[in-house]
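Me: I am in my first year and would like a close look at one part of this structure, the surroundings of the ligand, followed by the side-chain contacts elsewhere in the protein. Please take it slowly and explain each term when it comes up.

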Amino acid sequence: MGMSYNFSMSYEGKAKIMKDGPSEGTMIMYFKDDVTAGNGKKKAVIEGKGKINKAITLKLLKLVEENAIPTHLIEDIDDRSILVKKLKIFPLEVVVRNKATGSIVRRLGLEKGLEFERPLFEIFYKNDDLHDPLICQEHAFMLELIYPDDLLIVRNRALRANEILKEYFTSIGFDLIDIKFEFGVDEEENIYLADEISPDTMRLWAKGTTESFDKDVFREDKADLLSTYLEVAKRMGLKIEGF
Ligand SMILES: Nc1ncnc2c1ncn2[C@@H]1O[C@H](COP(=O)(O)OP(=O)(O)O)[C@@H](O)[C@H]1O
Ligand SMILES: [Mg+2]
């Protein structure tokens, strides 16, 4: 049938800028200091946030890659940029949840902090105009966002990446509550884990508590974003220049 995936273009998003890289099939992912929440309704510029998220993303992409999950990472560039494979990104936000918080608590009336027996896999349609709605797999196929076979692969890899990251964060004193992934394909339709992995895209609670070390501190005005993200970086053994 007529379905095919499309390559992303140079593009300025809410948190990053994607530019064509030095060679064919590559892109530079530049991390901005902008932070947004609630579909862009709440906004701020927090000096240094880009550097921190870049360093965290680089380390976590390497970690999952070492554990046999192919990622878009090619190499480090500078304190705000990494070189990645240019992909056609599935217009899906893939979420894995270990404990209930945020939208699932509101939608299903669950108790915040409820631990799922098995991690939950959810897909959201990446569409700002529609506010990234939760969708069923059937909707994704009807809208031709992804092939069924590719979604199976994405699901397996997202669950595996969640396991790897959960174990890692446990080892440095955090509970990984939930995480958002994006995946895409290259020219040969090989699937890679893409985008960033940072406190903007996951929820971390101090081990055994509900104290947030992620973007919820900004969403809910609970704490200072910069010092929160710096604490995550510090526990990850990262040194951020200038801090
Ligand atoms: N390897 C990649 N190739 C092409 N596009 C990518 C890649 N990794 C991430 N992207 C896309 O680049 C954009 C990153 O910028 P971001 O600020 O997060 O945008 P948005 O505001 O759309 O979330 C996202 O749309 C993401 O899907
Ligand atoms: Mg994004």
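Reply: What follows begins with the ligand and then moves on to rings, charges and backbone angles.

This is a predicted model, in which local features need pLDDT of at least 70 and side-chain atom pairs count only at pLDDT 80 or more, while totals for chains, interfaces and linings use all residues. Residues are numbered from 1 along each chain as its sequence is written, chains are lettered from A and ligands numbered from 1 in the order in which they are written, and side-chain values use heavy atoms, with hydrogens and water left out.

Around ligand 1 there are 19 residues, of which Tyr11, Ala15, Lys16, Lys85 and Glu182 come nearest; a residue is near a molecule if one of its heavy atoms lies within 4 Å of it. By type, this shell divides into nine nonpolar, three polar and seven charged residues, where Ala, Val, Leu, Ile, Met, Phe, Trp, Tyr, Cys and Pro count as nonpolar, Asp, Glu, Lys and Arg as charged, and the others, Gly among them, as polar. Oxygen atoms of ligand 1 lie 2.8 Å from a polar backbone atom of Lys14 and 2.7 Å from a polar backbone atom of Ala15. With Glu182 the partner is in the side chain, where an N or O atom is 2.5 Å from an oxygen atom of the ligand. The protein covers 92% of the 550 Å² of accessible area that ligand 1 has on its own, an area that comes from the Shrake-Rupley method with a 1.4 Å probe. Two or more residues of the shell come from each of strand 2 (16–20), strand 3 (26–31) and strand 7 (81–85); strands (E, at least two residues) and helices (H or I, at least four) are DSSP runs, numbered from the N terminus.

Away from the ligand, the structure holds six aromatic pairs, meaning rings of Phe, Tyr and Trp (its six-membered ring) whose centres lie within 6.5 Å, called stacked if the planes are under 30 degrees apart, edge-to-face if over 60 and tilted for the rest. One of them joins Tyr5 and Phe90 edge-to-face, at 4.9 Å centre to centre and with 75° between the planes. Tyr5 lies in the segment before strand 1 (11–12) and Phe90 in the loop between strand 8 (88–89) and strand 9 (92–99), so this pair ties together parts that are 85 residues apart in sequence. Tyr5 is buried at 9% relative accessibility, and Phe90 is buried at 2%; buried means under 20% relative accessible area, exposed over 50%, and partly exposed in between (1.4 Å probe, protein chains only).

Tyr168, Phe169, Phe174 and Phe213 form one aromatic cluster. Over the face of Phe213 lies Arg235, at 5.5 Å from the ring centre, and Lys42 lies over the face of Phe218 at 4.8 Å; a charge sits over a ring if NZ of Lys or CZ of Arg is within 6 Å of the ring centre and within 35 degrees of the ring normal.

Asp200 is placed in the loop between strand 13 (191–194) and strand 14 (202–206), and is buried at 11% relative accessible area. Its side chain makes polar contacts with the side chains of Lys49, at 2.6 Å, and Tyr229, at 2.5 Å; a polar contact is a pair of N or O atoms within 3.5 Å, and within protein one must be able to donate a hydrogen and the other to accept it, while residues adjacent in sequence count only if both atoms are side-chain atoms.
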